[in-house]
Amino acid sequence: MSESDPVDAIALAWRRERPDLPVDSIGVVTRIWQAAKIFGDDRARLLREHGADTATLDLLSTLRRSGQPYRLTTRELGQAAMVTAGAISQRIERAERAGLVRRANRPGSRTVDVELTEAGHREVDRLVTEVLTREQALLAGVPPDRMSGLAESLQDLLEHLHGELGRTRPSQVGDR
């Protein structure tokens with residue numbers, strides 16, 4: 001640990017003040033929080049510059065990843081986003097007003113399908129390209145030979161956290 005690193009300085013100060021406490025988690029958890037904040041804020045800024053937000057990106061990319069015909073029910077979308085029926089309905093309404101999706105009732109059923117329009121398909125592809133290109137650039141500081149190890153370590157951590165705390169989908173980082 002280095003006193004010149006702000007996160008290490010916090011851990012060292014706690015080690016000095018409370019030598020009985022385990023402080024190793026500070027170096028990991030604080031850096032994860034900081035990275036999540038930086039990534040989330042940057043994604044939110046990038047999406048704002050392109051006239052979108054994380055909720056819209058989540059909706060459109062869920063439909064896009066579903067494969068052809070890029071259609072899911074409102075229930076499937078709500079489950080994928082882990083939001084209430086009211087929240088998914090609001091997202092769909094905004095996207096529909098923007099011409100990015102269309103809704104259709106299934107004949108003889110109360111089921112509502114939501115499908116990407118051509119404009120929605122173009123928009124999600126444009127947004128995902130912007131976001132993933134930007135995030136790849138932000139990760140350029142991690143040597144390529146360490147990237148998969150970092151991803152595996154984070155996966156191990158998340159699996160452990162899910163085992164300890166349950167499986168819930170976190171809110172979108174960068175939501176405002």
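Analyst: Two strands count as paired if DSSP finds at least two bridges between them. The model examined here is predicted, and in it T73 has D113 of β3 as its bridge partner.

User: What makes β1 and strand β3 a pair?

Analyst: Between β1 and β3 (residues 112-116) there are three bridges. Pairing requires at least two, and therefore β1 and β3 are paired, in the antiparallel sense.

User: How do you know that β2 and β3 are joined as a pair, and which way do they run?

Analyst: Five bridges link β2 with β3. The requirement is at least two, so these strands pair as well, and they run antiparallel. R102 is matched with E115 in β3 as its bridge partner. The two strands form a hairpin with six residues between them, and G108 in that turn has a positive phi of about 70°.

User: Why are β1 and β2 called edge strands?

Analyst: The open sheet has three strands in the order β1-β3-β2, with antiparallel pairing. β1 (71-73) and β2 (101-105) each pair on one side only, and that makes them the edge strands. From one strand to the next, the twist averages 25°.

User: What makes α4 a helix that packs on the sheet, and where does α5 lie?

Analyst: α4 touches β1 and β3, and its direction makes about 85° with that of β1. Touching here means heavy atoms within 4.5 Å, and therefore α4 is said to pack on the sheet. α5 lies across β2 and β3 and runs at about 120° to β2.

User: How do you know how the reach of helix α7 compares with the expected value?

Analyst: α7 (residues 144-165) has 22 residues and reaches 32 Å from its first C-alpha to its last. The expected span is 1.5 Å times one less than the number of residues, and for α7 that expectation is 32 Å; the helix is therefore close to its expected reach. Just after α7, G166 takes a positive phi of about 100°.

User: What is notable about the peptide bond from Q68 to P69, and about phi of Y70?

Analyst: The Q68 to P69 bond has omega near 10° and is cis. Y70 has phi near 60°, a positive value in a residue other than glycine. P69 is in the loop between α3 (54-65) and β1, and Y70 is placed in the loop between α3 and β1 as well.

User: How do the residues of the lining of the second largest pocket divide, and which lie nearest its centre?

Analyst: This pocket has a volume of about 310 Å³. Its lining comprises 15 residues, with T74, R75, A85, R110 and V112 nearest the centre. The lining divides into five nonpolar, seven polar and three charged residues. Arg counts as charged, and therefore R75 and R110 are among the charged ones. α4 (74-81) and α5 (85-97) each supply at least two lining residues.

Note on methods
Residues numbered from 1 in each chain as written. Predicted model: local features only at pLDDT ≥ 70, side-chain atom pairs only at ≥ 80, totals over all residues. Heavy atoms only, no water. Helix = DSSP H or I, 4+ residues; strand = E, 2+ residues; numbered from the N terminus. 1 Å grid on protein atoms, 1.4 Å probe; cavity = no way out; pocket = protein on both sides within 12 Å on 5 of 7 lines; lining within 4 Å. Points joined across faces, edges and corners; volume = space filled by probe spheres on them. Axes fitted to C-alpha atoms, helices over the stretch in contact; angles between N-to-C directions.
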